[in-house]
Amino acid sequence: MPARLPCPQGLRGLQLRLRPAVKPSFQPLVQVANLSQREKAKRMKNDPYGWQQQQQRKAANVERQKRIQEIEGKEWGSPVHGVTTPFVESFDSAGQAPMSTPPIDEDGNLLEEPHELPTSPHLRNYFLKDTEVEEALAESHALTKPFIALDRERADSDIEAADLAKHEERHRKAVIALQRIADLNNGSAKDRKHANIRRCVETEVQIAILTSKIRALAQKLEGPKGNRDKNNKRSLRLLCHRRQALLRYAERKERGSGRWLHMIETLGLSPATWKKQITL
């Protein structure tokens, strides 16, 4: 028997799909692009009235921005230094100088009168305390005291008196030398930084420590050849941004509280330190 092949039952099973052939287009492609700023300015110059209006709006905007920056500069101060307070000025001497050092002009005249600064005279270098220094001096005085003979008949009082005088003179020189060693005025910037950290326990510690470091770095960069110090400039920028982040967090959590107001007034931090853009 021949094989049976399937076939559609009638013409309804046939589906013819006739599509029109795509005709090739020989027209050039035109790409529509936005006008550049140069082309816009060129077209605007062809319209003198529109050009004058644009220049007036631009000048008014520049003048307004300049006026806003002047007002913010007077009220807010620098984003790096903020508003200088006596407590912040005392960072330079780690609380050892009772009076401020006023700036002078080229002729040596004072630009402002010196004022009192908060002091911390109990702080010493190398984390020493006054009681520890006094106890060490008393012990050294007792240990180095010359021996006095028990047999007073054979003792020479003149020699003993001379030895005691030499001992007192040596002890006096040792006291002066130890005071100079423990004095923060003779210490390095690192020693003053550690002393300022101990002074900042009463305020918000992290922000106060960063403020002390920022002031020391900023004064160094403002000195001679400070603009060439790229490494310290980068470090100053990082410290300012770190303090800015902490201030923004503290503003969200403690704004209006006594801790926030005390920290702002003590450290002289203005809104420029956490709101304005930090540029060096």
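A residue counts as exposed when its relative accessible area is over 50%. By that yardstick F127 is exposed, since its relative accessible area is 52%. The model discussed here is a predicted one, and F127 is a handy place to start reading it. This residue sits in the loop between α3 and α4, and its phi is positive, at about 60°, even though F127 is not a glycine. As a rule, most residues other than glycine have a negative phi. A94 has a positive phi too, again of about 60° and again without being a glycine. A94 also belongs to the loop between α3 (86–89) and α4. Its surroundings are another matter: with 0% relative accessibility, A94 counts as buried, whereas F127 is exposed at 52%.

Stepping back to the whole fold, the protein chain has 9 helices and 0 strands. Along the sequence this reads as α-α-α-α-α-α-α-α-α. Of its 280 residues, 25% count as buried. As for contacts between residues at least 6 apart in sequence, 66% of them link residues at least 24 apart.

Next come the helix pairs. Packed helices are described by the angle between their axes and the distance between those axes. Starting at the N-terminal end, helix α1 (residues 37–45) packs against helix α2 (residues 48–76) at an angle of about 120°, and the two axes are 7 Å apart. That angle makes α1 oblique to α2. On the α1 side the contact uses A41, M44 and K45, while α2 supplies P48, G50, W51 and Q54. Sorted by class, the residues of this contact come out as 4 nonpolar, 2 polar and 1 charged.

Further along, helix α4 (residues 130–143) meets helix α5 (residues 157–182). Their axes come within 11 Å and cross at roughly 155°. Angles over 145 degrees count as roughly antiparallel, so α4 and α5 are roughly antiparallel to each other. The crossing of this pair is right-handed. From α4, the residues V133, L137, S140 and H141 take part, and they meet H167, E168, H171, V175 and L178 of α5. The class tally for this contact is 4 nonpolar, 4 polar and 1 charged.

Helix α5 has a couple of other details worth a look. E160 is located in this helix and counts as buried, its relative accessibility being 15%. Leaving aside residues up to four places away in sequence, E160 touches I148, A149, R152 and A155. Also in α5, R172 and E169 join their side chains in a salt bridge, with an N to O distance of 2.5 Å. These two residues are 3 apart in helix α5, which means that about one helical turn separates them. Both ends of the bridge are partly exposed: R172 has 43% relative accessibility, and E169 has a relative accessible area of 33%.

That bridge belongs to a set of 4 salt bridges found in a search of the whole structure. Another of them pairs D130 with R124, whose closest N and O atoms are 3.3 Å apart. D130 falls within α4, given that this helix covers residues 130–143. Here, too, both partners are partly exposed, D130 at 30% relative accessibility and R124 with a relative accessible area of 24%.

The last pair lies towards the C-terminal end of the helix count. The axes of helix α8 (residues 230–254) and helix α9 (residues 258–267) come within 9 Å, crossing at roughly 145°. This crossing is left-handed. In the contact, L247, A250, E251 and E254 of α8 meet R259, W260 and M263 of α9. Its residues divide into 4 nonpolar and 3 charged, with no polar ones. Two of the residues in this contact, E254 and R259, also form a salt bridge, the closest N and O atoms being 3.6 Å apart. E254 is partly exposed, with a relative accessible area of 27%.

Conventions:
Residues are numbered from 1 along each chain as its sequence is written. This is a predicted model: local features need pLDDT of at least 70, side-chain atom pairs count only at pLDDT 80 or more; totals for chains, interfaces and linings use all residues. Side-chain values use heavy atoms; hydrogens and water are left out. Axes are lines fitted to C-alpha atoms, for helices over the stretch in contact, and angles run from 0 to 180 degrees between N-to-C directions. Helices (H or I, at least four residues) and strands (E, at least two) are DSSP runs, numbered from the N terminus. Angles under 35 degrees count as roughly parallel, over 145 as roughly antiparallel, 65 to 115 as roughly perpendicular and the rest as oblique. A crossing is left-handed if the near helix is turned anticlockwise from the far one by less than a right angle, and right-handed if clockwise. Contact means heavy atoms within 4.5 Å. Ala, Val, Leu, Ile, Met, Phe, Trp, Tyr, Cys and Pro count as nonpolar, Asp, Glu, Lys and Arg as charged, and the others, Gly among them, as polar. Buried means under 20% relative accessible area, exposed over 50%, partly exposed in between (1.4 Å probe, protein chains only).
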